[in-house]
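Reader: I would like a close look at one part of this model, the ligand site, together with the spaces and single residues that can be described alongside it. Please keep it plain.

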Amino acid sequence: MTRIFSGVKPTGHLTLGNYLGAVRRWVEVDQHRADALFSIVDLHALTVEHDPARVRRLSRQAATLLLAAGLDPALCTVFVQSHVDEHTRLSYLLECTATDGELRRMIQYKEKSVRALASGESVRFSLLSYPVLMAADILAYRTDEVPVGEDQTQHVELTRDLAVRFNQRYGHTFSVPKAVRPPVAARVMDLQDPTSKMGKSHESAAGIVHLLDDADVVRKKIMRAVTDSGQEVEYDREGQPGVANLLEILAGCVAEDPAALAGAYTSYGALKRATAEAVIELLRPLRERHTVLASDPGHVDAVLKEGAERARGKARPVVDAAYRAAGLLPAG
Ligand code: TYM
């Protein structure tokens, strides 16, 4: 059976980008067709300045949102990364497989280290080694497919390189996974700056739709989205990035083709109104289920506990095999 692994990092409130680029597919497709594991990858949230209480809060909120979105513990495994030691155990072996040069070439490392230095923060070493831990998340489960948004492509490529290199050196141990991206909305852009990705931890929330924003806030943010200087509604990512982003969001919500949708609108205002209503409708059931689940944290904790046990059972033999293959003496 196909094995799927993916994760979300609790560095901020989950966004429409996370939902359209990844989570929605996990819910609607992946959990039904494969042995799928979805993780709140909390260790990755410690690679930049963080507030411990906030990370804890956001981790529980992310877990609650994944369940509210429709991940079903009867169909898939939902767990918190730090509850399963195998991830960090394997990460060290992969640090001994990766090179300094290939990690320094990672786009996210370059961008985030520049940003940290600019705001007077030091760059944590874990920001550089982050993609190695991500590779360990994936390889520990002999994962075949990694459903992610476009921004994770380079990290999954590195994961593939590390799997191949390890297998060549020490004998076949890992599956070589591939990234799977959604057909539309694989890269949802910031509504105020449609040339940069809609991210969780942007300074201004004006261009970010959070999954828990209420309907009025969503409407306001989308109606104020930056559009382009032209008049025509055309799907042109280069020439009209603002309009193209709205078309992608709308297409993601209603499962249609953005270029085909463009023909249905004669003004930017009409496109914005339609997009706002589609997003509100898409998120409504999720927000409602979140309210119910958030009132029962004991249930969420129980799901996470069972998920971690299941995940541990799957990762343990793979990581043990990797330790043996690399020449480490079995503990007996
Ligand atoms: P994270 O937490 O930034 O994002 C979670 C998922 O959402 C996707 N995504 C987007 N898709 C479209 N448009 C956007 N604006 C957008 N923003 C985010 C991401 O591509 C991702 O699929 N490094 C990962 C977390 C991670 C992981 C893993 C993922 C750690 N280990 C192993 C897969 C497998 C990250 O920072 O995702």
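Author: What follows starts with the ligand, goes on to a loop residue, then to a cavity and a pocket, and ends with two single residues.

The model is predicted, so local features need pLDDT of at least 70 and side-chain atom pairs count only at pLDDT 80 or more, while totals for chains, interfaces and linings use all residues. Residues are numbered from 1 along each chain as its sequence is written, and side-chain values use heavy atoms, with hydrogens and water left out.

The ligand is surrounded by 27 residues, where a residue is near if one of its heavy atoms lies within 4 Å of the molecule. The closest are D137, G149, D151, V188 and K200. Three polar contacts can be listed (a polar contact is a pair of N or O atoms within 3.5 Å; within protein, one must be able to donate a hydrogen and the other to accept it, and residues adjacent in sequence count only if both atoms are side-chain atoms). In one, a side-chain N or O atom of K200 is 2.6 Å from an oxygen atom of the ligand. In another, a polar backbone atom of V188 is 2.8 Å from a nitrogen atom of the ligand. Y130 has a polar side-chain atom 2.8 Å from a ligand nitrogen.

M189 lies in the loop between β5 (178–180) and α8 (215–223); helices (H or I, at least four residues) and strands (E, at least two) are DSSP runs, numbered from the N terminus. M189 counts as buried because its relative accessibility is 7% (buried is under 20% relative accessible area, exposed over 50%, partly exposed in between, with a 1.4 Å probe and protein chains only). Apart from neighbours within four places in sequence, M189 is in contact (heavy atoms within 4.5 Å) with P194, T195, S196, K197, M198, R237 and N245. Its C-alpha atom is 8.5 Å from that of G207, 18 residues away along the chain.

Y130 also helps to line the largest cavity, with Q108, Y109, K112, L127, P131 and H155. Cavities and pockets are found on a 1 Å grid over the protein atoms alone: in a cavity a 1.4 Å probe fits but cannot get out, a pocket is an open set with protein on both sides within 12 Å along at least five of seven lines, and lining residues have an atom within 4 Å of a point. Grid points are joined across faces, edges and corners, and a volume is the space filled by probe spheres set on the points. There are three cavities of 30 Å³ or more, and the largest has a volume of about 60 Å³. α5 (107–118) and α6 (125–139) each supply at least two of its lining residues.

The second largest pocket holds about 260 Å³ of space. Its lining has 14 residues, and D42, V55, R56, S59 and V80 lie nearest its centre. α2 (52–69) and α12 (297–325) each give at least two residues to this lining, and α2 gives the largest share, five residues.

V80 is also among the residues in contact with S39, which sits in strand β2 (residues 35–40). S39 counts as buried because its relative accessibility is 0%. A polar side-chain atom of S39 is 3.3 Å from the backbone nitrogen of Q81.

Last comes A294, in helix α11 (residues 268–294). At 43% relative accessibility, A294 counts as partly exposed.
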